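Notebook open, structure loaded. I want to go through the sulfur links, then the packing, then one residue late in the chain.

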Amino acid sequence: MVSNKTVFIGVCVVVILAVVSNAPVEASPQIELMGGYDIIGICITNCAQCKKMYGAFFEGHLCAEACVQFKGKTIPDCEDLSSIAPFLNKMN
């Protein structure tokens with residue numbers, strides 16, 4: 001025979017599942033362009049790589065500030081001079 005305690009626990013589980021399954025669910029989906037990657041972090045990492053490559057000719061701090069200001073929308077490519085031109089300087 002099934003004890004009263006087992007029946008009571010079973011009824012409680014069914015009631016809890018019924019309440020939880022009918023609870024409203026709210027969602028606010030967001031699309032991440034880089035698949036969850038930290039775009040600003042990638043931008044700053046690329047600035048550091050360009051600084052290593054170009055040394056004193058590259059203004060790394062200006063590049064990093066642009067990453068933060070524009071939220072990583074323009075990621076510098078060290079091999080594409082048009083993407084890093086604003087951060088290059090002339091040495092005398």
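**Cys-47 and Cys-63.** I looked up the torsion about the S-S bond of Cys-47 and Cys-63: it is about -70°, so this disulfide is left-handed. The two sulfur atoms sit 1.9 Å apart, and I count a disulfide whenever two cysteine sulfur atoms are within 2.5 Å. The pair links distant parts of the chain, with Cys-47 in helix α2 and Cys-63 in helix α3, 16 residues apart. Helices here are DSSP runs of H or I with at least four residues, strands are E runs of at least two, and both are numbered from the N terminus.

Ground rules, before I go on. This is a predicted model, so local features need pLDDT of at least 70 and side-chain atom pairs count only at pLDDT 80 or more, while totals for chains, interfaces and linings use all residues. Residues are numbered from 1 along each chain as its sequence is written, and side-chain values use heavy atoms, with hydrogens and water left out.

Are Cys-47 and Cys-63 buried or exposed? Cys-47 is buried, with a relative accessible area of 2%, and Cys-63 is buried too, at 1%. My cut-offs: buried is under 20% relative accessible area, exposed is over 50%, and partly exposed is in between, with a 1.4 Å probe and protein chains only.

I also listed what Cys-63 touches, leaving out residues up to four places away in sequence: Cys-47, Phe-58, Pro-76 and Phe-87. A contact here means heavy atoms within 4.5 Å.

**The other disulfides.** How many disulfides does a search of the whole structure find? It finds three.

A second one joins Cys-43 to Cys-67, S to S 1.9 Å. Its S-S torsion is -75°, again left-handed. Cys-43 lies in helix α2 and Cys-67 in helix α3, so this pair ties together parts that are 24 residues apart in sequence. I checked burial for both, and Cys-43 and Cys-67 are each buried.

The remaining link is Cys-50 to Cys-78, with the sulfur atoms 2.0 Å apart. I read -105° about this S-S bond, which is left-handed as well. Cys-50 is in helix α2 but Cys-78 is in the loop between α3 and α4, so the pair ties together parts 28 residues apart in sequence. Cys-50 and Cys-78 are both buried.

For the topology note: numbering the bonded cysteines in sequence order, I get the pairing 1-5, 2-4, 3-6.

**Core.** Which residues make up the largest nonpolar core? It has ten: Cys-43, Cys-47, Cys-50, Phe-58, Cys-63, Ala-66, Cys-67, Cys-78, Ile-84 and Phe-87. The elements giving two or more residues to this core are α2 (39–54) and α3 (60–69). By nonpolar core I mean a set of buried Ala, Val, Leu, Ile, Met, Phe, Trp, Tyr and Cys residues joined through side-chain atoms within 4.5 Å.

**Helix α3.** I pulled its buried residues: Gly-60, Cys-63, Ala-66 and Cys-67. They cover an arc of only 125° around the axis, which puts them on the same side of α3; the arc is taken from the directions from the helix axis to the C-beta atoms. These buried residues pack against α2. On the face turned away from the buried side I find the exposed residues Val-68 and Gln-69. Just after α3, Lys-71 takes a positive phi of about 55°.

**Asn-89.** This one is in the segment after α4 (81–84). At 24% relative accessibility, Asn-89 counts as partly exposed. Skipping residues up to four places away in sequence, Asn-89 touches Ala-56, Phe-57, Phe-58 and Glu-59. I looked closer at Glu-59: it is 30 residues from Asn-89 in sequence, and the C-alpha to C-alpha distance is 7.1 Å. A polar contact of 2.3 Å joins the two side chains. That term covers a pair of N or O atoms within 3.5 Å; within protein, one must be able to donate a hydrogen and the other to accept it, and residues adjacent in sequence count only if both atoms are side-chain atoms.

**Whole chain.** I tallied four helices and zero strands. Of the 92 residues, 14% count as buried. Among contacts between residues at least 6 apart in sequence, 68% join residues at least 24 apart.
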